[in-house]
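User: I would like to go through the labels used for this chain and see what each one rests on. Please set the values against the cut-offs as you go.

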Amino acid sequence: MLESVLSVQTGDERHHQCSTTNQLRERVADMFGMEDAVFLPSGSMCNQIAIAVHTKKMGAHDLRKVLKAWFIREAETLVTNRTRYFADCLDVEPSKIQLRQYRAMWGRCNSRHEIAHDWRIVMAPDPVIDYLVIHELCHLAYFDHSPHFWRLVGSLQPTYEESKAWLRSNAHWIKQTFEGC
Ligand SMILES: [Zn+2]
């Protein structure tokens with residue numbers, strides 16, 4: 001089993017870069033004679049959706065609500081943990097960590113040291129989530145985008161320009177996901 005895990009091909013399944021997940025989906029769809037299958041990352045999420053779909057109680061809108069609630073719960077854990085981790089590295093202390101849904105912004109930090117993030121950042125790759133967390137935390141030290149600020153960001157994530165580029169190319173689908181839900 002360990003050998004299989006070590007040799008498996010990985011990638012971003014949402015962008016069809018993970019052939020292993022795609023093969024698994026095709027195989028399951030074939031087994032059940034269905035058009036397609038979906039990979040769900042948690043057991044409870046899978047059970048909840050499967051029961052609702054098979055008892056035909058859930059339409060597309062309800063399904064989106066279940067997925068949204070699941071993503072928000074994941075974001076609460078992930079964003080809070082990553083914020084605590086990087087806050088320790090920077091020796092800063094945010095007074096509050098919140099999740100919001102912003103139309104254009106990814107996050108914000110105010111003069112009361114309250115930090116808020118768009119919960120949908122949880123759909124981004126880990127280094128991008130880290131970049132957004134680091135960005136807002138660095139505003140506790142520099143309340144601007146001065147060279148000092150960017151030097152501090154770079155001290156924790158030297159490749160932050162790649163994260164910024166990823167956000168520029170992918171903002172459209174992240175911001176559209178769950179819009180109006
Ligand atoms: Zn900023």
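Analyst: Two residues are in contact if their C-beta atoms, placed from the backbone, lie within 7 Å. In this predicted model, residues 24 or more positions apart account for 43% of the contacts in the chain with a separation of 6 or more.

User: What is the order of the elements from the N terminus on?

Analyst: The chain has seven helices and three strands. From the N terminus on they run α-α-α-α-β-β-β-α-α-α.

User: Why are α5 and α6 called oblique to each other?

Analyst: The axes of α5 (residues 126-138) and α6 (residues 147-156) cross at roughly 140° and come within 10 Å. Angles over 145 degrees count as roughly antiparallel and those from 65 to 115 as roughly perpendicular, while angles under 35 are roughly parallel. The crossing angle of roughly 140° fits none of these ranges, and α5 and α6 are therefore oblique. The crossing of α5 past α6 is right-handed.

User: Which residues make the contact of α5 with α6, and what is their make-up by class?

Analyst: On the α5 side they are Ile134, His135 and Cys138, and on the α6 side Phe149, Leu152, Val153 and Leu156. By class, six residues of this contact are nonpolar, one is polar and none is charged.

User: What makes α5 roughly perpendicular to α7?

Analyst: The angle at which α5 packs against α7 (residues 160-176) is about 105°, and the axes are 9 Å apart. The range for roughly perpendicular is 65 to 115 degrees, so α5 and α7 get that label. Pro127, Val128 and Tyr131 of α5 meet Tyr160, Ser163, Trp166 and Leu167 of α7. The classes in this contact are six nonpolar residues, one polar and no charged.

User: Why are β1 and β2 placed at the edges of the sheet?

Analyst: The open sheet has three strands in the order β1-β3-β2, with mixed pairing. β1 (96-100) and β2 (107-109) each have a single partner strand, so each has one side without a neighbour in the sheet. Neighbouring strands are turned by 15° against each other on average, with direction ignored.

User: How do you know that β2 and β3 count as a pair?

Analyst: A pair of strands needs at least two bridges between them. β2 and β3 (residues 114-118) have three bridges, in the antiparallel sense, so they pass that cut-off. Arg108 stands opposite Ala116 in β3.

User: Which helix packs on the sheet, and which strands are touched?

Analyst: α4 (residues 60-90) packs there, touching β1 and β3. The direction of α4 makes about 145° with that of β1.

User: Why is Asp91 called exposed, and where is its place in the chain?

Analyst: Asp91 is in the loop between α4 and β1. The cut-off for exposed is 12 or fewer other C-beta atoms within 10 Å; Asp91 has 8, so it is exposed. Asp91 also has a positive phi of about 55°, although it is not a glycine.

User: What makes Phe178 partly exposed?

Analyst: Phe178 has 17 other C-beta atoms within 10 Å. A residue is exposed at 12 or fewer and buried at 20 or more, so Phe178, in between, is partly exposed. Phe178 lies in the segment after α7. Its phi is near 70°, a positive value in a residue other than glycine.

User: How much of the chain is buried?

Analyst: Buried residues make up 14% of the 181 residues.

Technical notes: Residues numbered from 1 in each chain as written. Predicted model: local features only at pLDDT ≥ 70, side-chain atom pairs only at ≥ 80, totals over all residues. Axes fitted to C-alpha atoms, helices over the stretch in contact; angles between N-to-C directions. Helix = DSSP H or I, 4+ residues; strand = E, 2+ residues; numbered from the N terminus. Left-handed = near helix turned anticlockwise from the far one by under 90°. Nonpolar A, V, L, I, M, F, W, Y, C, P; charged D, E, K, R; others polar.
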